[in-house]
Amino acid sequence: MASKKKTASKARARRYWLFKSEPDVYSIDDLEREGEACWEGIRNYQARNLLRDEVKAGDGVLFYHSNARPLAVVGVARVCREAYPDHFQFDDGSRYHDPGSPADDPRWLMVDVAWVETFATQVERTAMAEAAALAEMMVLRRGARLSIQPVTPAEWRHVLKMAGSRAKW
């Protein structure tokens, strides 16, 4: 009798990310009001590759206000739709228009995110830099300017603790 080979399908562990947005362009308050939104405008190949290959539905997102005073993680979102073509690359009226992107093989991608929580106490970059548990966090590294960055589970938990988060992960 031939034995059936069991194929153990191991579920992918949830991953965590830090997504940067300038609050005058799109803030955590905008996401809270809308509930869900596309995360468009990624025009860096490394960040695009993260969206394409690694960011998955269900992943957690630290929402970071960049180019703001203060720089801070201001809330949490969750990826609710995996990478798909960023339609703004084909819109010649958009600031994200890319006339060189082929319609049959789009260059740029986006994901959708859903609001989870706006922190009552934002976690300022200066406080993060002082936390030993966050010493290796990418956002704190000199020259690390990617708008989408991986966050370790330990960093994720520490930032949520610093914020007094109510989010259940």
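**Note on a predicted protein model**

1. Ser-21 is found in strand 1, the element that covers residues 16-21. Please keep in mind while reading that the structure is a predicted model, and that the values below were computed from it.

2. Is Ser-21 buried or exposed? Its relative accessibility is 9%, and because buried means under 20% relative accessible area, Ser-21 counts as buried. When residues up to four places away in sequence are set aside, Ser-21 touches Tyr-26, Trp-39, Phe-63, Tyr-64, His-65 and Ser-66.

3. Ser-21 also has a part in the description of the largest pocket, whose volume is about 720 Å³. This pocket is lined by 23 residues, and those nearest its centre are Lys-20, Ser-21, Glu-22, Ser-66 and Ser-147. Strand 1 and strand 2 (36-39) are the elements that give two or more residues to the lining of the largest pocket, and strand 2 gives the most, with 3 residues. Ser-66 therefore deserves a second look in the viewer, since Ser-66 is among the residues that Ser-21 touches and is also one of those nearest the centre of the largest pocket.

4. Val-151 is a second residue to follow, and its place is in strand 6, residues 148-151. With a relative accessible area of 7%, Val-151 is buried. Apart from neighbours within four places in sequence, Val-151 is in contact with Tyr-16, Trp-17, Leu-18, Leu-62, Met-137 and Trp-156. Of these, Tyr-16, Trp-17 and Leu-18 fall in the range of strand 1, residues 16-21.

5. How far apart are the C-alpha atoms of Val-151 and His-65? They are separated by 16 Å, while the two residues are 86 residues apart along the chain. His-65 has already appeared above, as one of the residues that Ser-21 touches.

6. Turning to the whole protein, the secondary structure comes to 4 helices and 6 strands, and from the N terminus on the order of the elements is β-α-β-α-β-β-β-α-β-α. Among the contacts with a separation of 6 or more, 75% are between residues 24 or more positions apart.

7. The C-alpha atoms fill a box of roughly 65 × 50 × 35 Å along the principal axes. Of the 169 residues in the protein, 41% are buried, and the accessible surface comes to about 10000 Å², with 48% of it belonging to carbon and sulfur atoms. As for charge, the protein has 26 positive and 24 negative charges, and the mean positions of the two groups are 10 Å apart.

Note on methods
Residues are numbered from 1 along each chain as its sequence is written. This is a predicted model: local features need pLDDT of at least 70, side-chain atom pairs count only at pLDDT 80 or more; totals for chains, interfaces and linings use all residues. Side-chain values use heavy atoms; hydrogens and water are left out. Buried means under 20% relative accessible area, exposed over 50%, partly exposed in between (1.4 Å probe, protein chains only). Contact means heavy atoms within 4.5 Å. Accessible areas come from the Shrake-Rupley method with a 1.4 Å probe; for residues, only the protein chains shown count as cover. Lys and Arg count as positive and Asp and Glu as negative; His and the chain ends are not counted. The place of a charge is taken as NZ of Lys, CZ of Arg, CG of Asp or CD of Glu. On a 1 Å grid over the protein atoms alone, a cavity is a set of points where a 1.4 Å probe fits but cannot get out, and a pocket is an open set with protein on both sides within 12 Å along at least five of seven lines; lining residues have an atom within 4 Å of a point. Grid points are joined across faces, edges and corners, and a volume is the space filled by probe spheres set on the points.
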